[in-house]
Amino acid sequence: MKLYQINKSMYPQSVEQDWQLSLVSGDAVLLMEVGVLRALTQQSMLTQLIEKGVNLYFREHDLTANGLSVSFGEAISDPHWVDLTTQYDKIVSW
């Protein structure tokens, strides 16, 4: 299982396809920094990931900094983020 850390609101199309197509059930995606803005612009894609069995997390601090709240996925604190990094075999930062 892998933890993907996404810190941009959008990457070039080929990079977007690479990270999204490499996800499998049991993997996790952590949206952080301006990556949390995807909650506004890519909600349907993120919901599809959840339906695929991917765990979706948002860094709580970054949501607050951008004035956002989410009704899907899970907002997590920094200590929970540290815990996540120990739960997954690999961490991939995009």
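Biologist: Leaving aside its neighbours within four places in sequence, which residues is L31 in contact with?

Modeller: This is a predicted model, in which local features need pLDDT of at least 70 and side-chain atom pairs count only at pLDDT 80 or more, whereas totals for chains, interfaces and linings use all residues. Residues are numbered from 1 along each chain as its sequence is written, and side-chain values use heavy atoms, with hydrogens and water left out. Taking contact as heavy atoms within 4.5 Å, and setting aside neighbours within four places in sequence, L31 is in contact with I6, V36, R38, L46, L56, Y57, F58 and R59.

Biologist: Which element gives the most residues to the largest nonpolar core?

Modeller: A nonpolar core is a set of Ala, Val, Leu, Ile, Met, Phe, Trp, Tyr and Cys residues that are buried and joined through side-chain atoms within 4.5 Å, where buried means under 20% relative accessible area, exposed over 50% and partly exposed in between (1.4 Å probe, protein chains only). The largest one here has 18 residues, and L31 is among those with the most contacts inside it. Helices (H or I, at least four residues) and strands (E, at least two) are DSSP runs numbered from the N terminus, and β1, β2, α3 and β3 each supply at least two residues of this core. With three residues, the element that gives the most is α3.

Biologist: Is K8 buried or partly exposed?

Modeller: K8 is found in the loop between β1 and α1, and K8 touches V34, G35 and R38, not counting residues up to four places away in sequence. Because its relative accessible area is 42%, K8 is partly exposed.
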